[in-house]
Number of protein chains: 2
Amino acid sequence: MPAVDVSGEFETIAKLLAPLAHPEWGRGLVDDVAVVPSRPGFDLVLTKDALVEGVHFLPEDPLDTVAQKLLRVNLSDLASKGVEPFGYLLACHWSQRCGWPERQAFAEGLARDQKEFGIHLLGGDTVVTPGPASFSVTLMGWAKAGRVVARNGARPGDAVFVTGQIGDGFLGLKAAQGALTLALERIEALIDHYRRPMPQTAFAEVVRDMATASLDVSDGLIADIGHIAEASGVGIELDMERTPVSLAGQAWLETRVDRQAAFEQLATGGDDYEIAFTAPAADEAALRREAERRHIRLTRVGQVVAGAGVRVRFEGRPVELARAGWTHG
Amino acid sequence: MPAVDVSGEFETIAKLLAPLAHPEWGRGLVDDVAVVPSRPGFDLVLTKDALVEGVHFLPEDPLDTVAQKLLRVNLSDLASKGVEPFGYLLACHWSQRCGWPERQAFAEGLARDQKEFGIHLLGGDTVVTPGPASFSVTLMGWAKAGRVVARNGARPGDAVFVTGQIGDGFLGLKAAQGALTLALERIEALIDHYRRPMPQTAFAEVVRDMATASLDVSDGLIADIGHIAEASGVGIELDMERTPVSLAGQAWLETRVDRQAAFEQLATGGDDYEIAFTAPAADEAALRREAERRHIRLTRVGQVVAGAGVRVRFEGRPVELARAGWTHG
């Protein structure tokens, strides 16, 4: 850390962020660098994701949940690769609305998730921007040497699985914008998912040991499965009606006339932060056992075949997609 | 990498950034993570600095130089700690003005400095923001285990040194804003320093082997020396008239009536990206030899004493400072 910017930045670092620092490697955030000792036999794995106000979170979102979302979208990346996280560097680009109470709330959100996910702050930068707030995190974790799951290992005969449920990212944004009519408890659950998605960190070791290819679902289930197909040089058949849906998602589906179009929206909406992966079809029973032990929902949504691209079916009929991924900004 | 944002981000990654990726550890930027093998016997050193349009660079600055400044302010942090850099993660928050030609220019600036400083892109995130552009880099380097110079090692009897020249950051901003009247070649040199400061990477190994405490001068020479004094629990006497000044700085000094006030502006202006450090006074001759071998200017500006804080003198008389550091934003 140390900021070049003195409009409250030194105080922000000393009072709000230094208490979050890794006891040793973060150097109390009083130095310009973090120092992480080598861990022989392990690879260091890094990911970096940014959130921008008005794009990835809403101006009225409380800053403690913005901080949590920031960590969680990065935690989701590492979990999907089978990696155990330990620390992060943080860049805060505060907007004018980020006064001391907002910064306190942000630090509280970080503290809460540091405790929940066992990570520490290592360093970073804090500055004020004349525009909307934005934040970025570089998250670091360890993996046994050579054991990070890639995108390119899917093989014909593998099955395609996804953890948790798909579509709450899409519905959560609509709910946060006040554009959904559902029971209040459903709306609240969706808004909570939008603000604080839950990364599947408990499933990381299963992915590490059993997946042939994996990623987290951020662009949309179909688009992200397409990334695996492309990187692996294979085709993937996806049965869209198998897309796992939450209770809120079920309630929303019941309000739709065109069920296929509704499923398509859920499977292309993105912002889900679940893990999509491929594994030998013969391992399905073992995977189900591991998921059940962790109380994680696991759904087989398709299979890997020779060829290229994603072929989507709905109740057995081929589907022509209007859009595959998630665009915004 | 992989962006959640599809408004040109996939193309930006594939065409502009993937060619900059580390041949192995960056995974071609097609995965969500970078994977860096452990280097037994070495510590991994990380730093993260951000640049915001309108704060750290000007809206009219060419984007190739913005990219270079972004890398260089981070390279300066590692150089000042005696650390050899190898790679970085990048977050681009593009503004509306960042079309394809601007993004191309940005990538060209990165490519130029990757070559000059021997580093590679490892991953990151690219998004569009409705506000001013901002960028952040997490730069990584190796240091022999336990050999990263801290801020807290200064001891009474040490001398205080600074590389290069001080004040061109302050004057460079004025020049870029059109607020200086000097010969054209001086103005051009100052603007170039503002846009593309030169980190003292060649001096990093000298710092590593000989400094007791060090940092790079970003907040202002006096403020940054104050950081060393505070962290080390010592006092520092600084002879302000010894502040090393460039030819452009000399020319500017000659236009000033109050020489002491002018030196104070240079020594508090910041954005210099030189290395300030302490070392045993007895090592001065050896330090000078190392600096000369590398064609680097080295100036002894003060000494470490018992006590606390920075005592600034100008031509032997104590100076009461109006301001010690650099504030903006």
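## Exercises on a two-chain predicted model

Because 8 of the 9 residues of E4(B) are buried, this strand is largely enclosed by the rest of the structure; buried means under 20% relative accessible area, exposed over 50% and partly exposed in between (1.4 Å probe, protein chains only). Strands (E, at least two residues) and helices (H or I, at least four) are DSSP runs, numbered from the N terminus. This is a predicted model, in which local features need pLDDT of at least 70 and side-chain atom pairs count only at pLDDT 80 or more, whereas totals for chains, interfaces and linings use all residues. Residues are numbered from 1 along each chain as its sequence is written, chains are lettered from A and ligands numbered from 1 in the order in which they are written, and side-chain values use heavy atoms, with hydrogens and water left out.

**Exercise 1.** Find how E3(B) is joined to E4(B).

*Solution.* Begin with the pairing rule, by which two strands pair if DSSP finds at least two bridges between them. E3(B) and E4(B) run parallel and are joined by 8 bridges. Next, take one position: His93(B) has Val127(B), in E4(B), as its bridge partner.

**Exercise 2.** Describe the interface of chain B and chain A, from its extent to its strands.

*Solution.* Start with contact (heavy atoms within 4.5 Å): 67 residues of chain B are in contact with 67 residues of chain A. The buried area, which is the accessible area (1.4 Å probe) that two parts lose on being put together, summed over both, is about 4900 Å² here, 56% of it on carbon and sulfur atoms. Then turn to charge, where a salt bridge is a side-chain nitrogen of Lys or Arg within 4 Å of a carboxyl oxygen of Asp or Glu. The rule finds 6 salt bridges across the interface, and Arg151(A) forms a salt bridge with Asp32(B), their closest N and O atoms being 3.3 Å apart. Finally, look at the strands that meet across the chains: E2 (residues 42-52) of chain A and E1(B) run antiparallel and are joined by 4 bridges, and Leu44(A) stands opposite Val36(B) in E1(B).

**Exercise 3.** Locate Thr201(A) and describe its surroundings.

*Solution.* Thr201(A) lies in the loop between helix H5 (184-195) and helix H6 (204-210) of chain A. Its relative accessible area is 31%, so Thr201(A) is partly exposed. Leaving aside neighbours within four places in sequence, Thr201(A) is in contact with Ala79(A) and Phe117(A). Thr201(A) and Trp252(A), 51 residues apart in sequence, are 28 Å apart in space, C-alpha to C-alpha.
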